[in-house]
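Please find below a short briefing on the structure shown here, arranged by topic.

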Amino acid sequence: MKSIFKADHENWKGVPRINIYLLRLLYILMFFVLGKDVWTYIITFQGEWQPTEAVAWCVWASFSVLAFIGIVHPLKMLPILFLEIIYKILWLFLVAYPLWVKNELIGTDAEDITFAFLWVALPIVAVPWKYAFQEYVLF
């Protein structure tokens, strides 16, 4: 029996199976949880869209669609996780951290977003960073 923690050169380009399972779990969560919330909002929205708000909803909707592909091809869809990691960390440092330092985060709209964005730790743990560096940085 193969260990889920050892590199799988036969099937996953040397990426341990545990990373593949974690990636698939993330893509499943993105597809179902994010997808349900986003597509329900988009489909039931009434009125006129504000351009900036519409961009955000469209980006999140596209994340949910691309996550479906990630369930089947977890390594090929790593770039969407990179985007997720980068935008969430940037937002945490640019918006949440300054509010937190000034003790003004609690009770704001940013507090709920901060709580949701702190889950960025999950994709950080799931990404096979050695493979990602070799595949996307070194080419």
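Leucine 81 touches Leu23, Leu26, Tyr27, Met30, Pro123 and Val127, where a touch means heavy atoms within 4.5 Å and residues up to four places away in sequence are not counted. This is a predicted model, in which local features need pLDDT of at least 70 and side-chain atom pairs count only at pLDDT 80 or more, while totals for chains, interfaces and linings use all residues. Residues are numbered from 1 along each chain as its sequence is written, and side-chain values use heavy atoms, with hydrogens and water left out.

**Nonpolar core**

- The largest nonpolar core (buried Ala, Val, Leu, Ile, Met, Phe, Trp, Tyr and Cys residues joined through side-chain atoms within 4.5 Å, buried being under 20% relative accessible area with a 1.4 Å probe and protein chains only) has 25 residues, and Leu81 is listed with Leu23, Tyr27, Met30, Leu75, Leu78 and Val127 as having the most contacts inside it.
- At least two residues of this core come from each of α1, α2, α3 and α6 (129-136), helices being DSSP runs of H or I with at least four residues, numbered from the N terminus.
- The most is given by α3, with 7 residues.

**Packing of α1 and α2**

- Helix α1 (residues 17-44) packs against helix α2 (residues 51-72) at an angle of about 145°, with the axes 8 Å apart; axes are lines fitted to C-alpha atoms over the stretch in contact, and angles run from 0 to 180 degrees between N-to-C directions.

**Lysine 102**

- Lysine 102 lies in the loop between α3 (78-101) and α4 (109-117), and is exposed (over 50%) with a relative accessible area of 52%.
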